[in-house]
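Please open the structure in your viewer and display it as a cartoon. The tour below proceeds one selection at a time.

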Amino acid sequence: MRAFFLTVVMMFRHYFRDRTSLFWGMLFPLILMGLIGTAFGREADLTLPVGFVGAGPMAEGIRRGLAEVPVFEVTDETDADAALAALRQGERALVVVMPPSGGGPVRAYFDQGRGLESRTALLILERFIAEANLRASGVPPALRLESAGVAAARELRFFDFLLPGILAMTVMNSGLQGVTWVVTEYRQRLVLKRVLATPVRPAAFLGGLVTRYAVTNLVQLAVIIAIAVGVFHAVIAGSLLTLAALAVLGTLVFVGMGLAISTVSRTPESANLLGSLLNFPMLFLSGTLWPREFMPQTLQPLISALPLTPLVDTMRAVSARGESLAAHLPALGYLTAWGVAAFLLAAWRFEWE
Amino acid sequence: MSSAPPIVTVTGLVKRYGVLTAVKQVSFAVLRGEIFGILGPNGAGKTTTLEMIEGLRRPDGGTVVVDGVDVAADPRGVRGRIGVQLQEAGFFERLTVEETLTLFAAYHGRSIDPRPLIERMQLADKRGARVITLSGGQRQRLSIAVALVNDPPVLFLDEPTTGLDPQARRNLWDLIAGFRAEGRTVILTTHYMEEAERLCDRVAIMDHGRIVALDAPRALIRAHARATTIRVTLTGGGADFAALPGVMDVVQDDGEIALASGDPMQTVHALMDLNRTGTLHFHQLRIEEATLEDVFLHLTGHRLRE
């Protein structure tokens, strides 16, 4: 028991004295999260620049009305030519030209290059004109629309989505990139042989090593969560304790896989490479950094079979949507089966020298 | 060497790697309290033999009993009562010297104060230093300190001074002699004949997986290398060296003559006479005692280190 306990403590110290592994364990996930978050996670703050040309009381009334549309940012233009030039340069989504006081149509010009924004602006304008006409005719509207935003308890922001993916990735990396390197390196440098030359039970040593991965992962995840919440304003809807339990389960599974890999590839380089070969496809396919629905339909059965997928899905359900584990037990069972298989392979083939 | 039972008994040990037989029917007994050396060139089977005794390798034949425990039956029990220093064993590089000893003591089921041991192995100023920062000699002393954490009656040292500079080597010899002084048995392998001669009470000479001779270093030299070598550097003249009294063999190399003599006193006397009469001029005469190197050459037909 003392051998196990001291292995955890000493291996923990050993790990935290290594700057390289701290980079990969903590800084890298945070950098990745910051980069992906800022690149893809921009908030939907739609503003449509509208150029307005027109004078007179009628034009003034329309202008004031348009300025009240929340997403419109109305700029007055001196004449139609200047307004169209601005539109062509991409500075406007829509240009509205009022008819001279004599009458005629209200002309709207939109940028065909900015299809979605211009069409949205056009739609709003059409609806605005229709409303204005209706008011002018004095007929009371037969139908009224009242809209209310219906969402989950709160809006899901991209960082909230991204954070559990990053956490699952960190857990996976510790096993497929960390254990593969560390164990083969200990074997190559005869550290494992040195341990074996004592009467210690292998289970006490290896158990201590696995436990230190669980502990360091919990510490790393806590730091990542703290920074994600503090700096990126990510929100965790579910239980932190449940997340911690998932992190421990994930650690056991991927450390088991790392140990299994270290029995197949004998050098640190080749074991690490084999780990990466499993690591990267899962990172990109399993919905870690973006929804896995983005991946082609034909790949979905494969994606569902990957061990990272149930971990990401469950961690995201807990973290982003605040769910409990009850609905995810089959997924967790599948994940555990991977872990058991990996440990059996590792136990069967493990060599100390 | 009393009639006390041996502390290590090795009988008919065999190890095969595929078609190669690394250790062929090796048998010997190590007495309590002696420094027992296994001397041989690289690849002779020394480490394999040692690791089978330590229970780290399973022999393909033969038995080993250490301190009354059969290694095959209870390898963990044997590991508990021996101290093992492995050749080139690695440690956790970012743990300190003190942490390393605390950890390995725990692997022996012990809780020790590592400081006296650190002091003893002359690592006091490195107590809080990480293993990665240690020099070769310091690392080797740490390796031996780890072998001592369980206060073992038998200590196995596998090439303890390989790679060390002469001063560090001599320093380690003193420490190892100290283990014998406190009643421990030391079994070491080496390919330095000087180390075996200076340090060991008895030496087993090993070559190609077999023990070719086993005795005290002096006795081995007496038995297998009676000749003393007398070297003279000639400046002029000449003589029929082979005809000089006691001379058994003559090797002439440039201006230096090496005479193997069974009676060095007589040979030197004759040489001095020739020098005095002017038949022969030499400005240097050296007498070299036979060493284990000569024993090895005599027994195996090749040198210890080629």
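The stops that follow begin with the confidence of the model, then visit chain A and chain B in turn.

**Confidence.** The model is predicted. For the complex, the predictor gives an ipTM of 0.85 and a pTM of 0.79. Colour chain B by pLDDT: the mean is 91, and 98% of the residues of chain B reach 70 or more.

**The sheet of chain A.** Select strands 1 to 4 of chain A. They form an open sheet in the order 2-1-3-4, with mixed pairing. Strand 2 (72–76) and strand 4 (107–110) of chain A each have a single partner strand and stand at the edges, so one side of each lacks a neighbour in the sheet. From one strand to the next, the twist averages 25°.

**A parallel pair.** Next, select residues 48–53 of chain A, which are strand 1, together with strand 2 of chain A; the two pair in the parallel sense over five bridges. Within this pair, V50(A) has V74(A) as its bridge partner.

**A helix across the strands.** Add residues 57–68 of chain A. This is helix 3 of chain A, which lies across strand 1, strand 2 and strand 3 (94–97), running at about 145° to strand 2 of chain A.

**The hairpin of chain B.** Move to residues 247–253 and 256–261 of chain B. These are strand 12 and strand 13, which run antiparallel and are joined by six bridges. D249(B) has A260(B) as its bridge partner. Two residues lie between the strands of this hairpin, in which D254(B) takes a positive phi near 60°.

**Last stop.** Where in chain B is confidence lowest, and where is it highest? The lowest is in strand 12 of chain B, at a mean of 83, and the highest is in helix 3 (residues 97–107) of chain B, at 97.

Definitions and conventions
Residues numbered from 1 in each chain as written. Chains lettered and ligands numbered in written order. Predicted model: local features only at pLDDT ≥ 70, side-chain atom pairs only at ≥ 80, totals over all residues. Pairing = 2+ DSSP bridges. Helix = DSSP H or I, 4+ residues; strand = E, 2+ residues; numbered from the N terminus. pLDDT = per-residue confidence, 0-100. Axes fitted to C-alpha atoms, helices over the stretch in contact; angles between N-to-C directions. Contact = placed C-beta atoms within 7 Å.
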